[in-house]
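This report walks through one protein structure, from its overall make-up to a few local details. Please keep the sequence and the model in view while reading.

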Amino acid sequence: MPNSHGRFRRFYGAGLPHLLVLTGCFLIAGCALTALGPDRLFGADVWWQSIAVWFVGAAIVVDLVLLPLCAAANRALLAALGSPRTDPHTGPRIPVINHIRVPVLASGLLLIVFLPGIIEQGARTHLAATGHTHAPFLERWLWMTLLFCCLSALAYAVRFCVRRGRQTPTTEGERDD
């Protein structure tokens with residue numbers, strides 16, 4: 001049996017759970033396409049506002065712009081912080097890089113979500129529909145970014161303190177009796 005599993009992984013490139021999840025995603029996308037209908041995905045009146053055009057554009061922007069930028073930023077961050085080293089006396093260091101990556105990623109995703117509100121795109125329509133202006137969008141995004149950074153710093157501090165607490169101050173050979 002392990003032999004067939006290895007052959008499948010070599011042929012497909014990942015395990016069976018990956019294939020099942022990917023198949024499920026395609027089924028959900030197919031159901032959404034069937035429910036919406038192709039006529040709603042591509043608008044004939046204003047073609048650039050159609051869902052299909054924005055979806056393809058977003059895929060291109062993510063693959064050709066954002067992914068290289070994120071990879072370059074990650075390499076710069078790794079070069080600045082250095083790799084986590086193991087100290088012979090205290091053990092491995094707690095890597096700080098993920099405590100920087102996670103709030104930056106969360107803040108970036110929220111920026112993408114809040115960007116139309118921040119730049120006040122569709123301000124008249126939003127005001128007519130909700131009775132509210134776009135004024136709080138930038139402030140809310142900044143507060144959420146601050147919250148993400150504070151929670152990440154708190155998580156790092158907790159990990160650091162827990163690790164410090166587990167270390168013994170002296171070893172058997174270094175005791176002063």
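Among contacts in the protein between residues at least 6 apart in sequence, 37% join residues that are at least 24 apart. The model is a predicted one, and its secondary structure comes to seven helices and two strands, which run α-α-α-α-β-β-α-α-α from the N terminus on. Of the 177 residues of the protein, 11% count as buried, while the protein exposes about 14400 Å², and carbon and sulfur atoms supply 70% of that exposed area.

**Helix 5**

Helix 5, which spans residues 97-118, has a kink of about 40 degrees at Ile112, and this kink lies shortly before the proline Pro116. Several residues of helix 5 are buried, namely Ile97, His99, Pro103, Ser107, Leu110, Phe114 and Gly117. The buried residues of helix 5 pack against two other elements, helix 4 (51-81) and helix 7 (136-166). Just after helix 5 comes Glu120, which takes a positive phi of about 55 degrees.

**Aromatic pairs**

How many aromatic pairs does a search of the whole structure find? The search finds three, and two of them are described here, beginning with Phe8 and Tyr12. The ring centres of Phe8 and Tyr12 lie 5.6 Å apart and their planes stand at 20 degrees, so this pair is stacked, given that planes under 30 degrees apart count as stacked. Because Phe8 and Tyr12 are four residues apart in helix 1 (residues 2-12), they are separated by about one helical turn. Phe8 is partly exposed, with a relative accessible area of 24%, and Tyr12 also counts as partly exposed, at 27% relative accessibility.

Another aromatic pair is formed by Tyr156 and Phe160, whose rings are stacked, with 6.5 Å from centre to centre and 25 degrees between the planes. Tyr156 and Phe160 are four residues apart in helix 7, so about one helical turn separates them.

Are Tyr156 and Phe160 buried or exposed, or in between? Tyr156 counts as partly exposed at 25% relative accessibility, and Phe160 counts as partly exposed at 34%. The table sets out the values for the four residues of these two pairs.

| Residue | Relative accessibility | Class |
|---|---|---|
| Phe8 | 24% | partly exposed |
| Tyr12 | 27% | partly exposed |
| Tyr156 | 25% | partly exposed |
| Phe160 | 34% | partly exposed |

Conventions. Residues are numbered from 1 along each chain as its sequence is written. This is a predicted model: local features need pLDDT of at least 70, side-chain atom pairs count only at pLDDT 80 or more; totals for chains, interfaces and linings use all residues. Side-chain values use heavy atoms; hydrogens and water are left out. The bend at a residue is the angle between axes fitted to the seven residues ending there and the seven starting there. Buried means under 20% relative accessible area, exposed over 50%, partly exposed in between (1.4 Å probe, protein chains only). Contact means heavy atoms within 4.5 Å. Rings of Phe, Tyr and Trp (its six-membered ring) pair if their centres lie within 6.5 Å; planes under 30 degrees apart count as stacked, over 60 as edge-to-face and the rest as tilted. Accessible areas come from the Shrake-Rupley method with a 1.4 Å probe; for residues, only the protein chains shown count as cover.
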